[in-house]
Amino acid sequence: MHFLALLAVLSLNVPQQDTLAAARSTAARELSFNSAVPVLYMGKEQLQNTPAQSLSEALRGFSALSIKDYGGLGGLKTVSIRNFGAQHSCLVLDGICLSDAMNGQVDLGRYSLDDIASIKVEIAGSNDIFCSARQLSGVGAVSINVAPPVFEENRNFGAGALLSAGSFGTLKSGLEFKCRPFPKWSASGSLSYLSSEGNYPFSIRNGTQTQEQLRLNSDISALNAQLRVFGTLPRGSLRLCGTWYDSSRGLPGSVILYTQHPSERLWDKDLFLSALYEGPARLNGQMRLSASWTSKWNRYTNSDPRYATPLDDYYLQNEAAFSGVLLYHPWSIFSFSIAEDIICNALESNIPNCIWPWRLLSYSAVSAKLQTSSLSLTASVLASLMYEMSDRGEAADPFAGLSPSLSLSYAINDNFSLRASSKQSLRLPTFNDLYYPRTGNRDLAPERAWQNNLGLSWSAGNIGASADVFYNLVKDKIVAVPTMFIWSMRNVGKVQMLGCDLALHWQGRPLEWLGLRADINYSFNRAVDLTDPSAKNYGHQIAYTPRHSAGAGLQFELPFCRLSYSLSAVGERYSLAQNTPAYRMDPYADHSLSISREFSFGRFCRLQLSADALNITNINYEIIQYYPMPARNYRLTIKLSY
Amino acid sequence: MLFLVCSCQAPRTESPLEPSPYGLLVLNNGNWGGNDASLCVYSTEDKTLAANVFEAANGRRPGDLGQDMIIVGDELYIAMNGSQLIYVCDRNYTVKDELRAYSNDIQLSPRCLLYARNRVYVTYYEGYLGEIDPDTHKMRLCAVGANPEGLCYAAGKIYVANSGGALSPDFNNTLSVVDPVEFKQVSSIEVNTNPVALCADSAGKWIYILSYGNYSNIRPMLQAYDIAAATLSDCPYNDVKSLAMGPDDVLYLACGFYDDLWQVSGSLYCHDASANKPLGTFGAENFTPYYSLSVDASSGEVYVGCSDYKTNGDVYVLDSEGKILYFFDCAGLNPQKVLKLYD
């Protein structure tokens with residue numbers, strides 16, 4: 001259906017609840033203004049109104065983040081903070097760090113926005129010293145928060161259903177429920193199924209010619225189930241979470257000129273269980289304890305005729321993680337915390353010469369915070385210990401390292417706040433880096449990152465702005481390099497980053513019938529390779545890193561509907577280390593629109609209709625070269641809740 | 001005397017310099033999946049580089065992974081492994097024909113080319129040898145071993161190196177012997193693991209087999225196969241990475257070693273192919289990061305391609321005595337093969 005037609009259908013005049021209160025401070029502005037480190041935030045209201053439906057789509061609105069996206073619903077999607085690389089990012093789901101010990105990056109594509117209450121991204125440290133030690137290990141943390149269910153009046157039960165249909169044979173259906181069987185215990189759960197043919201058309205430029213093709217083998221089907229229990233105990237609170245993700249997808253691979261025979265498929269079965277307790281500790285302290293279990297099973301097949309027998313590989317990763325943090329406030333202006341994370345990872349596979357490695361990881365952190373009405377000073381030291389084992393082969397040597405961080409913010413007056421931070425972090429080598437047959441290198445050291453940030457926040461009423469400049473260094477980069485006959489992982493590479501992030505936020509009601517929220521951000525990042533002064537790429541911008549990127553979100557609240565617009569704009573990049581015109585990738589801007597409207601039936605029944613038009617300029621831009629993104633596409637969603 | 005010519009700033013779509021009929025034709029392999037193979041011509045007269053001559057002539061790029069090229073009469077054959085086709089171009093690099101091979105509806109991926117018996121032979125990685133009639137461009141196929149790479153013609157037979165490269169770690173270790181008349185495999189020869197390149201002496205007495213081993217406990221090796229005696233012997237070289245036949249039955253070898261920064265460096269050796277005897281080192285230079293070796297069978301000029309896989313490669317040109325004459329930036333990634341052009 002044409003987008004304008006949808007707009008007309010949805011323009012029926014039914015009163016709409018006003019959710020954009022004029023001139024009120026938002027959590028986003030408060031977080032940014034007082035923060036000692038740069039913070040990006042999206043609350044429930046923004047998430048509901050954005051055209052984005054998945055976590056990766058939502059994060060693309062932040063210019064300080066770069067989302068690697070191989071295109072289509074099934075394409076791998078990872079987040080990189082200030083272009084450090086996805087392995088440096090820490091993804092936190094409801095206080096529990098997610099990880100992937102095999103390749104070090106978590107696929108964002110599987111996380112929809114349906115259950116998410118807010119997204120918070122902290123860069124170069126954390127304001128909150130009451131966090132897990134592991135959360136301090138990266139260059140920043142992307143935290144996904146799920147709120148306990150809210151019940152209207154005296155109800156103890158609620159349910160909902162969702163049906164979404166989109167271009168390229170995409171269909172998503174889901175059921176959700178919430179209940180409160182006991183006054184202090186509640187639960188929420190959801191079950192959704194997504195399927196998409198993913199066979200979108202694309203055009204690709206080849207010299208003076210333009211070729212029109214259809215993306216093949218880009219289908220996906222995925223089942224996602226979640227159950228959460230929230231309990232209030234006599235002393236503290238408990239959260240239990242269980243998720244199950246089961247998917248099957250084709251891997252279309254890169255577009256190869258003059259031929260297209262994709263032959264790869266991937267299956268995932270992921271189980272995630274977690275329990276998190278938060279409550280008082282002795283000596284008037286606070287404690288948070290968590291335990292989690294993650295099982296990731298992947299099967300990869302490749303029926304390429306070059307293989308005499310098709311590849312049929314499986315990988316099973318298991319992770320048991322325990323985390324504890326104690327927070328004390330000996331004085332009103334001073335607090336400190338002690339945090340410990342113990343993580344055990346294991347990998348097994350049927351690929352030849354896999355040594356089935358085990359890893360024992362320990363993160364220990366001591367943090368202290370001085371907080372006055374105008375000054376906030378935070379210092380942390382993180383100790384990382386890694387011990388590897390294997391019964392089937394030689395394991396890497398143990399590793400131990402320290403990563404300090406320091407941050408401060410100072411409120412100059414009611415309108416201006418200054419912040420500065422410096423942080424060191426380590427990116428530990430993954431199982432693939434260390435042990436992948438032939439290319440793995442057991443002698444790898446961690447990749448080292450050093451971040452320095454200086455920022456200024458300004459806030460006045462319903463408008464706020466921030467500017468941060470940063471200088472970062474990455475040493476001992478873990479990269480694949482050609483060796484005598486095969487490629488091997490090595491610690492070679494030094495990257496220097498110099499840049500700035502600018503953000504502007506405004507929220508208000510310019511007209512009585514119009515509520516408006518605007519978020520605009522821009523990032524500049526000069527990230528250059530300083531590895532070898534004699535190399536042809538010395539001083540060149542590193543691959544896939546734009547100098548300029550920007551994001552914008554506009555949300556209009558009209559009497560009859562909500563309208564939102566989002567923009568993700570990325571400047572020119574190079575797909576290769578040497579910045580020659582042959583490897584230059586064109587800038588792109590992805591504009592998306594969404595319109596939604598809610599109807600109420602009776603006291604409890606609500607029907608929400610929304611229509612999204614994504615990438616409305618209809619350009620098959622590429623984030624990864626020769627992995628074209630879908631051009632203009634549409635999505636219609638019906639959500640019924642009771 | 002060294003010359004450095006850099007045309008890397010020229011956009012792909014811009015018309016390059018007119019390619020010189022006297023010069024060096026370089027096939028850049030490109031990156032896997034990058035569709036960035038390219039052809040350039042270095043003029044030995046005015047020391048300029050005409051980049052992307054294929055694209056300039058045809059308005060489109062050659063595609064993915066330029067694996068090999070040979071000149072047959074007035075035609076240039078280019079094997080595109082990733083794009084799964086063979087271009088037949090005229091002297092102006094304009095495509096005259098595109099040859100695609102199929103077996104059971106599976107499109108095949110060409111690897112190495114050979115001209116012999118007035119025919120063009122090509123190995124296909126899916127396990128086939130192709131024979132192309134240069135007059136009609138018609139092709140026939142015969143099955144050989146797994147993942148064939150290099151090939152040579154000697155004593156009336158085509159020899160094909162079956163690497164089994166896609167079967168890692170269970171690499172192949174055979175040569176297929178193909179009768180070119182019947183066009184079918186008649187026998188096989190067991191050699192070291194993972195054979196990848198073959199050369200034969202002019203008398204058809206010896207075949208030299210370069211194998212890469214299993215990248216673990218089986219080492220790379222150069223072996224000599226005595227066709228008449230059907231015996232195999234090891235040649236005294238370590239870590240041979242490439243070989244190419246020059247004039248007068250001189251076999252040129254590039255052996256790899258690591259430099260102080262763990263980059264792969266290449267040093268050159270000569271071997272008397274007719275007598276199966278080492279002739280010692282060729283020149284005093286080491287080439288870092290080493291990538292490829294080509295030799296002009298007429299003049300004896302040697303071309304060493306250097307590449308780090310992330311920046312434009314360099315081609316070093318050596319005279320028949322092993323002295324570097326000059327080098328140039330080849331305006332593309334991974335210089336795979338160099339051919340000297342004669343008018």
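This is a short tour of a two-chain model, stop by stop, with something to select at each one.

Before you start, know that this is a predicted model: local features need pLDDT of at least 70, side-chain atom pairs count only at pLDDT 80 or more, and totals for chains, interfaces and linings use all residues. Residues are numbered from 1 along each chain as its sequence is written, chains are lettered from A and ligands numbered from 1 in the order in which they are written, and side-chain values use heavy atoms, with hydrogens and water left out.

**Stop 1: where the chains meet**

Color chain A and chain B separately and look at the border. There, 57 residues of chain B are in contact with 36 residues of chain A (contact means heavy atoms within 4.5 Å). Between them the two chains bury about 3900 Å², 56% of it on carbon and sulfur atoms. Buried area here is the accessible area (1.4 Å probe) that two parts lose on being put together, summed over both. Now select B:Arg61, B:Tyr215 and B:Lys310: in chain B these lose the most area to chain A, together 15% of what that side buries.

Next, show polar contacts. Chain B and chain A have 20 residue pairs of this kind, both residues at pLDDT 80 or more. (A polar contact is a pair of N or O atoms within 3.5 Å; within protein, one must be able to donate a hydrogen and the other to accept it, and residues adjacent in sequence count only if both atoms are side-chain atoms.) On the side of chain B that touches chain A, the elements giving two or more residues are α1 (53-58), β6 (85-89), β9 (106-107), β22 (240-245) and β23 (250-258) of chain B. β23(B) gives the most, with 3 residues. Helices (H or I, at least four residues) and strands (E, at least two) are DSSP runs, numbered from the N terminus.

**Stop 2: salt bridges**

How many salt bridges are there between chain B and chain A? The count is 2. Zoom in on A:Lys536 and B:Asp314, a salt bridge whose closest N and O atoms are 2.8 Å apart. The term means a side-chain nitrogen of Lys or Arg within 4 Å of a carboxyl oxygen of Asp or Glu.

Over all chains, the structure holds 45 salt bridges. For another one, pick A:Arg635 and A:Glu57, with closest N and O atoms 3.4 Å apart. A:Arg635 lies in strand β37 (residues 633-641) of chain A and A:Glu57 in helix α4 (residues 55-59) of chain A, so this pair ties together parts that are 578 residues apart in sequence.

**Stop 3: backbone oddities in chain B**

Select B:Ser168 and B:Pro169, joined by a cis peptide bond with omega about 5 degrees. B:Pro169 lies in the loop between β15 (157-162) and β16 (174-179) of chain B. Then try B:Thr288 and B:Pro289, where a cis peptide bond has omega about -15 degrees. B:Pro289 sits in the loop between β25 (277-287) and β26 (290-295) of chain B.

Finish at B:Asp105, whose phi is near 65 degrees, a positive value in a residue other than glycine. Look for B:Asp105 in the loop between β8 (102-103) and β9 of chain B.
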